[in-house]
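Colleague: Hi, could you pull up that model so we can go through it together?
Modeller: Sure, here it is.

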Amino acid sequence: MKELENKCLRFVLHYYQKDKLDTPKALKAFKEKNRISVHKHSSFRTFLFTSGAAAIILLAVALHTMLRPDSERTVITAHAQRVNYLLPDSSLLTLYPYSSVSFCKQTYQNDRREIQMKGKVAFTVRHDETRPFRVLGRLTQTVVLGTQFTVDESRQDTASVQVTTGKVRLTSLQGTESVILTKGMTAQIVKGETKPRVISQKQEIRKGSFQFENTPLSQVLEQLSRYYQVRLTTQTSDKRLTARFEERSLDEIIEIIEKVLKVKIRKEKP
């Protein structure tokens, strides 16, 4: 109660202007305007009391509306260092320096998982098929069920989303077309554009198993070229290879062949 009284006092002091709250002056003006005589003084006092009570109630409502703290909304801000924050559903946020997020705790727990953000924030979202996780930035809207990704809106005119695990749906706030991003993919939204653009996509490393018995090097490179869809060549083609490769990438196989046969293999696009 003491705190509310202090807030009301600060409000009155802030908005007080000379002659604006002069009660006798206002009362005299009101009597003259409504031609109220002395014998009507009793009824006028009743009217004044009723009007005054109503005014006090309205003022109290206005003060409550203006001074009521938004206790339902939680705001987390990172200043010079990163900040980790655990959401009510155990989803983890990592706020990079000079970034912030906000959310309505009651809505988040009972209705929908929605976060508003500024700057750059990494998300590790707990999976929940019944309640998708939604992130709203200045330029982007990202929707996931449960995954790990980073939204970077630290630049004024460009935003990017990078997916570490799982899958997300990215939409520009200025459009309706969306793109699906999976592990290793990054998309960008430029201010003024209505559709996200995929700017990088990490390719899965293809691994194969091979066995060669005194096989000419030219045939070895031909077989490897077909499997990995590249063009492998060497200036030393008179050598033979006996080797077995189990679940190895092309770069690993090339490195082994070069060391064993003391040759140089070139890898080119087909």
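Modeller: Below we talk through the overall chain, a pocket and two residues.

Modeller: This is a predicted model, where local features need pLDDT of at least 70, side-chain atom pairs count only at pLDDT 80 or more, and totals for chains, interfaces and linings use all residues. Residues are numbered from 1 along each chain as its sequence is written, and side-chain values use heavy atoms, with hydrogens and water left out.

Colleague: Great. How many helices and strands are there in the protein chain?
Modeller: The protein chain has six helices and 17 strands; these are DSSP runs, helices being H or I with at least four residues and strands E with at least two, numbered from the N terminus.

Colleague: And what share of the residues counts as buried?
Modeller: Of the 270 residues, 33% are buried, meaning under 20% relative accessible area with a 1.4 Å probe and protein chains only.

Colleague: Switching to pockets: what volume does the second largest one have?
Modeller: About 150 Å³, taken as the space filled by probe spheres set on grid points joined across faces, edges and corners. A pocket here is an open set of points on a 1 Å grid over the protein atoms alone, where a 1.4 Å probe fits, with protein on both sides within 12 Å along at least five of seven lines; lining residues have an atom within 4 Å of a point.

Colleague: Which residues line it?
Modeller: Pro132, Val143, Val144, Leu145, Lys167, Val168, Arg169 and Ile180. The elements giving two or more residues to that lining are β7 and β10 (167-172), and β10 gives the most, with three.

Colleague: Now Thr142, is that buried or exposed?
Modeller: Thr142 counts as buried because its relative accessibility is 0%. Thr142 sits in strand β7, residues 140-144.

Colleague: Which residues does Thr142 touch?
Modeller: Leaving aside neighbours within four places in sequence, the contacts of Thr142 include Phe133, Val135, Phe149 and Val161, where contact means heavy atoms within 4.5 Å. Val168 and Arg169 are also among the contacts of Thr142, and both of these residues line the second largest pocket.

Colleague: Last one: where does Leu217 lie?
Modeller: Leu217 is in helix α5, residues 217-228, and is buried, with a relative accessible area of 0%. Beyond neighbours within four places in sequence, Leu217 is in contact with residues including Thr234, Lys239, Ile257 and Val263. From Leu217 to Thr233 is 9.7 Å, C-alpha to C-alpha, with the two 16 residues apart in sequence.

Notes: Buried < 20%, exposed > 50% of the residue type's maximum accessible area, 1.4 Å probe, protein only.
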